[in-house]
Amino acid sequence: MLPSEEEGLQNKTSTFVCLARDFAPQLHKFHWQHNGNHLLGESSCEQKGSEANFTASSYLVISHADWASGASVKCVFEHRTGNLSKQVQQGVGDLTPSVILHPPMWRGKDGGSKAQLLCAFDGVDMKSLAVEWSVDGNPQPNSEMFGQSSRLEVDTRDWNPGSRYSCKVKPGDKKSWIEKSIQVCSDGHFLAPEAELDRPPLRDVITQQEVVVTCRVTAAGASRVSWRVDDKHTQSQAVKEYRAANGRLISNLTLPVTTWNTLRSVSCKVEHPCYPTEASITMPEPGSQEPTVIIRRPLEDWERDQSLVLECLLGGLSSTEVSVTLQANGKDLPKTEYVTIPVQKDQNSLTAVRFTIPDDQKGVNKRFSCKVNHNIQAKSPKISSSTGKLFAPPTLELFHTPGSGSTKLVCVGSGFNPQLKWNLSELKLNAIKKKSMGEGGRLTVTSEVDVPQTEWYKGTTFSCEVKDENQKHQTRNISICSAAPHTGFADVHLVGPPVNVTASHDVLVTCLLVGYGISELPIVWKVDGRVVSDGVTTPPSSVNANGTQSRRSELKLEAKKWHGRADVSCEVARLCDTAPLVRSISKPKGQLSVELAPPSQRDIFLYSKVALECIITGADSAAVDDAQVTWTVAGDKQLSQSPDKQGMRNGQFRKVSKLMVDMADWFSGKVIECLVSDQHYGVVKNSPLTRSIQKSDGADPEVLIYTLPEARDPNHDSVVCEVRGPSLGDVYVMWQVDGGGYVEGNTGLLHQDNGSVSVVSILTVKSQRVADATLFTCAVKHGGMKDYTAPLSVQYSKMTRSVPTVTLLHRPGELVCLVFGFSPAAINITWLKNSIRVEAPEQGTAQPSRGPDGRFSTHSHLNLTSGDWDSGMKFTCVVTHVTGELSQDISKPEPKNEVFFHDDNMADAVPEDTVAETLNMAWAFLFLFLLSLLYSCTATLIKVK
């Protein structure tokens, strides 16, 4: 601001004012220059201009002569945000009048109740200058001139409420006033305050009688704070306020804990003349945030030797404070953690709270859980599931897995901190260790070693030991003798000579060993209990493709001993056996084998009786020939067909006896027995070989029919019928194709994964036949059905069913029934004469033919006599198809009057009926003419007489 001319004339001095405003931080410096030279002795004053910014001014006084001679004066303001400067010179500048109204400069470093408004003007004639001040339109006479400015003292009581201050300037050479106005909300004096509301710490809520809610107001000048709890004003006695060193206004509201736990909302309202604001806390509804709490023992902590650490994982919480307590067997441990959870953007975020298990809680029966208080208004805290018994004694399992070249031994130890150790009988084997942490917090360590087969099959014992903290050590042992069944490593088979060996040649008996490590096993031959060595040959063992070994020992035995049924044995002392394994053999005495075969599917479906076969087999032909067969049905003897000897099959002689049983007896469940007496070797007749059979009942099954497209053969099509149920009895399955006769499929048992058994029948037909045979029917009879004559049936069609169209035509001597557009091909056409079925010799039906659209057509004709047709009988064509039954009627129509028009230009054929009618009419006219002539003659004669 420039000096006034009045000051120069009266005081011979010129005072310059340099004003800097709205800067922060506070540290700054002014420099003055006169004609480019730095000056000393300038004065400055600092003032607080606004809530967060500062205002400062500096004064420079020089002689009026220097200023009047055209001197230049420059003010430099230095600040960390950058340097600013302003330069003026006598006689240089814009002479256009201008007025600037500066905001108030509050007295004192921290501001005060008094301030000055500065109205500066430039480019005006100071001699006749007029200045007027007003507040809200009311004139203010207490202003004073200061250089080229006018000052007005302001009181905060008038300024803060928002009064409007105006400065009007009228230069002497001007006719109009220049007016500038300012008020508290437009001068930038205040920044908008910001309010933050802090909840009381959860620790205080849980442990104290009273809690403090804090409202922090930034840029709090001219601000007042009021509190509302559940929309009600609070008493001032519960509120304490102070200003912090950083200028913030701190307001504390003290509430009883009981009030805090039951309130719904609390708000801090900041009253400000320009920028009122408010901050609120709304208590969450109980259950609005339902946390998930999981307790776990981190595996990574165990790896860092921090095995006593447990983690409580909290999920489903956002922007809240919780208390977390570790529990042992449902009781709180002393330490409680208070955790503030920030706003979570990811709903799956988890917050981990870590605890170290105290030494006094290492009991073998201790289980640990996490208790979380997340909402003091909730009725009960959230508690996680418990860990297992972390410090319980360790468990140990040792098992083996056979392999082709080695046997894998697996040792599994579980505990709090299990340590595994192998005892491998001086073998140097690399152990592979794996570790995992179970859900219950128990650590599982797995150690695996591969033992060579040569060592494993020596019977070596291997040990695995587990140690855990101060618990008792545990050990498990394993060897081939304890882990594998004997047949798994040394099977012994004794094979005799062929059945048809003659009596004149020595015989060869073979003892075969198969397994591992059998090359050194001793083999001892005995004949009738005596050890023999003559005739024994034992070649070296061989190795099979699967890694097993085979070893063969042969004994050449005299023929007379073999045929004399000497007892020949092979004894092998295996590794883990307490006694040798003995296999014995002798010439068979002609034993018979008897099998009673059940009835066939065809018998069940096609006949009224079922055929049962008693099959007798044996190595001795004479024994089979002399076997006597007796049949009984429910204990009553039955007559059977003579047994039919069928020669040898698979090296055995065979004879079959058949018995025909009524279907009713079979389905009634009667027991049928086949008794076979072996008389050739003196078997007592009262002790025959007996086989029995009867129908097996069962619950009603479920029948399904479907195809297997993944097994489709391009030349064949297969349909599957499955019969299943919780308790299947006897099941018989047959097929029908397009309603034809019964045919058999490939039927067998299907074992399901759940242990149940189904009966499956597969019917396969050639693909070229499917074009004509499109309807498959699976018929099922089972042991539990009450009416065995009515099988269960399920159908499957490979083509879309189409309803036939029927048209009935009359031709001389016959009727024709046209049927077309139907699918599948199976169809039946029947003729009725006055609703009575016509016998076959009078009709004929053609085979269906397939059209290009896959549908079929056919026709049927009925021979007619002229009498049948002329008599007006009604003829009906009845069509029976899988889609339903259709019928068409026809009869001779009633005669009608006919009028003929003769056209000379056309020669139409005259029907025979028309000719007959014409002749009859001519004869009628002739007869009437003769009769009238006779009447006329007779009348004339009478009159003449």
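**Exercises on a predicted model**

Leu 926 has its place in helix H15, which covers residues 912-944, and the model that holds this helix is a predicted one.

**Exercise 1.** Decide whether Leu 926 counts as buried, partly exposed or exposed, and find which residues make a nonpolar surface patch with Leu 926.

*Solution.* Begin with the cut-offs: buried means under 20% relative accessible area, and exposed means over 50%, with partly exposed in between. Leu 926 has a relative accessibility of 41%, and therefore counts as partly exposed. Next, turn to the patch, which has an area of about 570 Å² and is made by Leu 926 together with Trp 923, Phe 929, Leu 930 and Leu 933.

**Exercise 2.** Work out which side chains of strand S40 point to the buried face, and then describe how S40 pairs with S45 and with S41.

*Solution.* Follow residues 523-527 in order, and the side chains are seen to alternate: Ile 523, Trp 525 and Val 527 are buried on one face, whereas Val 524 and Lys 526 point to the other and are not buried. On to the partners: S40 runs antiparallel to strand S45 (residues 568-572), joined by 5 bridges, and within S45 it is Glu 571 that is the bridge partner of Val 524. With strand S41 (residues 530-532) the pairing is again antiparallel, over 3 bridges, and here Lys 526 stands opposite Val 531. Finally, S40 and S41 form a hairpin with 2 residues between them, and Asp 528 in the turn has a positive phi of about 55°.

**Exercise 3.** In the open sheet S19-S18-S22-S23, find which strands stand at the edges.

*Solution.* Read the order of the 4 antiparallel strands, S19-S18-S22-S23. Strands S19 (232-233) and S23 (277-282) each have a single partner strand, so one side of each is left without a neighbour in the sheet.

Methods
Residues are numbered from 1 along each chain as its sequence is written. This is a predicted model: local features need pLDDT of at least 70, side-chain atom pairs count only at pLDDT 80 or more; totals for chains, interfaces and linings use all residues. Side-chain values use heavy atoms; hydrogens and water are left out. Patches are made of residues with over 30% relative accessible area and no salt bridge: like charges are joined within 9 Å, nonpolar side chains (Val, Leu, Ile, Met, Phe, Trp, Tyr) within 5 Å. Accessible areas come from the Shrake-Rupley method with a 1.4 Å probe; for residues, only the protein chains shown count as cover. A salt bridge is a side-chain nitrogen of Lys or Arg within 4 Å of a carboxyl oxygen of Asp or Glu. Buried means under 20% relative accessible area, exposed over 50%, partly exposed in between (1.4 Å probe, protein chains only). Two strands pair if DSSP finds at least two bridges between them.
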